[in-house]
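Biologist: Before we begin, please take me through this model one strand at a time, and give your reasoning for each answer.

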Amino acid sequence: MSHTVSDFIVQRLHQWGVRHIFGYPGDGINGVFGAMNRAEGKIGFVQARHEEMAAFMATAYAKFSGQLGVCIATSGPGASHLITGLYDAQLDHQPVLAIVGQQARNALGGSYQQELDLVSMFKDVAGAYVMQASSPAQVRHLVDRSVRTALARRTPTALILPNDLQEEPYEGPPPAHGTLHSGVGYSAPHVTPREDELDRAAEVLNAGKKVAMLIGAGALHATDEVIAVADRLSAGCAKALLGKAALPDDLPWVTGSIGLLGTEPSYNMMTDCDTLLMVGSAFPYAEFLPKEGSCRGVQIDIDATMMSIRFPMEVGLVGDAAETLRALLPRLAPKTDGAWREGIEDDVARWWKTLDDRAHQPATPVNPQLVAWELSPRLPDRAIITSDSGSCANWFARDLKMRRGMTASLSGGLASMGAAVPYALAAKYAHPDRPVIALVGDGAMQMNNMAELITAAKYWRSWRDPRFIVCVFNNEDLNQVTWEQRIINGDPKFEASQRIPNVSYSRFAELIGLRGIYVDSPQLLGSAWEQALASEMPVVLEVKTDPEVPPLPPHITLQQAKNFSLSLMKGDPNESGVIKGAARQVLETILPGKE
């Protein structure tokens with residue numbers, strides 16, 4: 001049998017270290033699938049239920065493994081289905097290669113079936129490198145450059161393969177003018193700022209009396225360095241959502257998440273600080289950062305284009321977070337006045353008590369905050385937690401206490417629904433020996449996560465650790481948007497858009513061969529988590545939660561208070577529910593004295 005272009009591509013990807021490809025087959029990409037079959041397991045194929053989910057898996061695999069994520073799809077709709085997941089990779093700066101089929105070269109330009117202008121279609125999401133192959137001798141450098149570009153720039157790239165080219169005999173580039181002779185291999189460089197810039201940054205930080213730090217995904221590998229600098233500066237640390245695992249929450253000066261899903265201590269610290277040190281974060285919401293002109297700022301980021309776009313920084317240090325913090329530390333003078341950090345620690349201690357109280361407020365039937373609160377102390381060592389977008393992300397952000405060795409992520413910059421289960425599946429391929437928990441709202445579950453439970457049912461027996469739990473918050477409501485309608489827009493809940501069907505997710509799990517657990521009582525929640533975590537097969541834990549527990553930001557503005565009152569005046573269909581129990585506790589500043 002001749003060595004085809006597809007055989008070469010699979011071999012070359014293996015040389016680059018690729019061991020898993022996520023995707024869905026189709027006639028436009030059959031040549032590559034045939035080559036993977038002939039490669040006899042050198043690269044494992046993970047069959048998603050939908051190409052979009054395969055791209056989410058590739059993104060999450062890159063996040064959890066630190067390696068290249070690869071997804072594959074056929075021509076036409078298969079290729080277009082990848083786009084959302086690839087935008088997730090682009091906005092969260094993850095290296096992902098998309099391999100897609102195309103119609104035969106002789107047919108291109110003739111409005112052939114499933115013929116799309118794929119180069120143009122991928123140009124925005126994979127603009128760093130998107131190419132369509134036209135000859136066998138070209139394929140070598142297309143593979144090499146697409147992989148190397150994805151790794152070096154931490155971005156998605158795309159390789160488009162006409163289906164007839166995939167089956168042609170492979171020929172390497174000849175030793176002639178007009179050919180390219182590429183090679184395999186990439187090593188990330190050590191990137192640190194110039195000495196004079198480090199000195200400038202140290203001058204700013206040493207002058208500050210009340211230093212606040214904001215830590216993002218760029219600091220996930222720099223935990224020790226962040227702690228050392230925070231201790232030297234006597235600073236408090238807030239965490240952007242993608243940086244949730246960068247610092248353990250048992251440190252008393254870690255204020256937790258920041259922003260719309262954030263905590264009061266993070267908000268208070270940013271309001272009162274005189275100096276801000278931002279490390280590896282593209283946190284987008286300026287209203288939760290210090291007011292411009294109120295404090296000085298230093299930023300560390302590997303990407304110079306992200307400098308000073310959220311807050312006008314006085315010094316921008318372009319470099320790897322760990323390397324830069326290590327270089328900065330000897331230049332920093334210890335803070336002798338401990339009042340600032342002591343105040344932060346007191347605020348954090350009060351906040352954890354507040355969250356405990358809120359989680360145990362009565363609800364109908366289960367307080368959704370309690371779901372995450374009961375999980376937190378039961379999280380196994382080295383657990384990986386994923387979350388979907390929606391109200392469940394609030395409880396993931398605020399109530400789960402991360403410990404050293406744990407990992408967590410979600411669709412950050414894109415904030416797409418439907419990512420939690422494919423993220424969890426990818427985590428199992430990055431770390432098959434670690435327990436994985438996905439937190440999912442029922443809206444995202446119905447959108448596409450239910451289908452990916454079938455993927456778990458197909459593959460779970462091959463995982464070294466079978467612990468795989470999908471926790472579904474079933475409240476029959478697109479809850480985050482419902483509260484945004486009330487608080488941001490001043491509109492009552494719009495039943496036609498917000499109410500969703502009640503589905504038995506736990507019974508669906510049993511139908512496809514997984515274990516289902518249903519909880520509609522807060523007293524059963526703790527034992528349900530223990531059963532799920534002890535299970536020797538994947539579990540869907542379905543909890544019937546109260547949609548009227550508000551996932552509100554840590555600080556309610558006057559305008560938001562007015563909007564909420566206006567929504568009630570307009571006749572919210574759940575008015576009686578939104579002003580009692582846990583909602584009453586959170587909204588008491590908006591509705592003083594209301595019973």
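Modeller: A definition comes first: two strands pair if DSSP finds at least two bridges between them. Please keep in mind that the model is predicted.

Biologist: Which residue of β18 stands opposite C471?
Modeller: Strand β16 pairs with strand β18, residues 539-544, in the parallel sense, and the pairing runs over six bridges. Within this pairing, the residue of β18 that stands opposite C471 is L541.

Biologist: And which residue stands opposite I469 in β16?
Modeller: Strand β15, residues 436-441, also pairs with β16 in the parallel sense, over six bridges. In β16, I469 has as its opposite residue I437.

Biologist: Which helix makes a β-α-β unit with β15 and β16, and what is the handedness of that unit?
Modeller: The helix is α17, which spans residues 442-459. Together with β15 and β16, helix α17 makes a β-α-β unit that is right-handed.

Biologist: How many residues of strand β16 are buried?
Modeller: Buried means under 20% relative accessible area. On one side of β16, F468, V470, V472 and N474 are buried, and on the other side I469, C471 and F473 are buried, so that both faces are covered. The strand, residues 468-474, is therefore largely enclosed by the rest of the structure, the count of buried residues being seven of the seven.

Biologist: Is D250 buried or exposed?
Modeller: D250 is found in the loop between β8 and β9. A residue counts as exposed over 50% relative accessible area. Because the relative accessible area of D250 is 59%, this residue is exposed.

Technical notes: Residues numbered from 1 in each chain as written. Predicted model: local features only at pLDDT ≥ 70, side-chain atom pairs only at ≥ 80, totals over all residues. Heavy atoms only, no water. Buried < 20%, exposed > 50% of the residue type's maximum accessible area, 1.4 Å probe, protein only. Helix = DSSP H or I, 4+ residues; strand = E, 2+ residues; numbered from the N terminus. Right-handed = clockwise from strand over helix to strand, strands pointing away.
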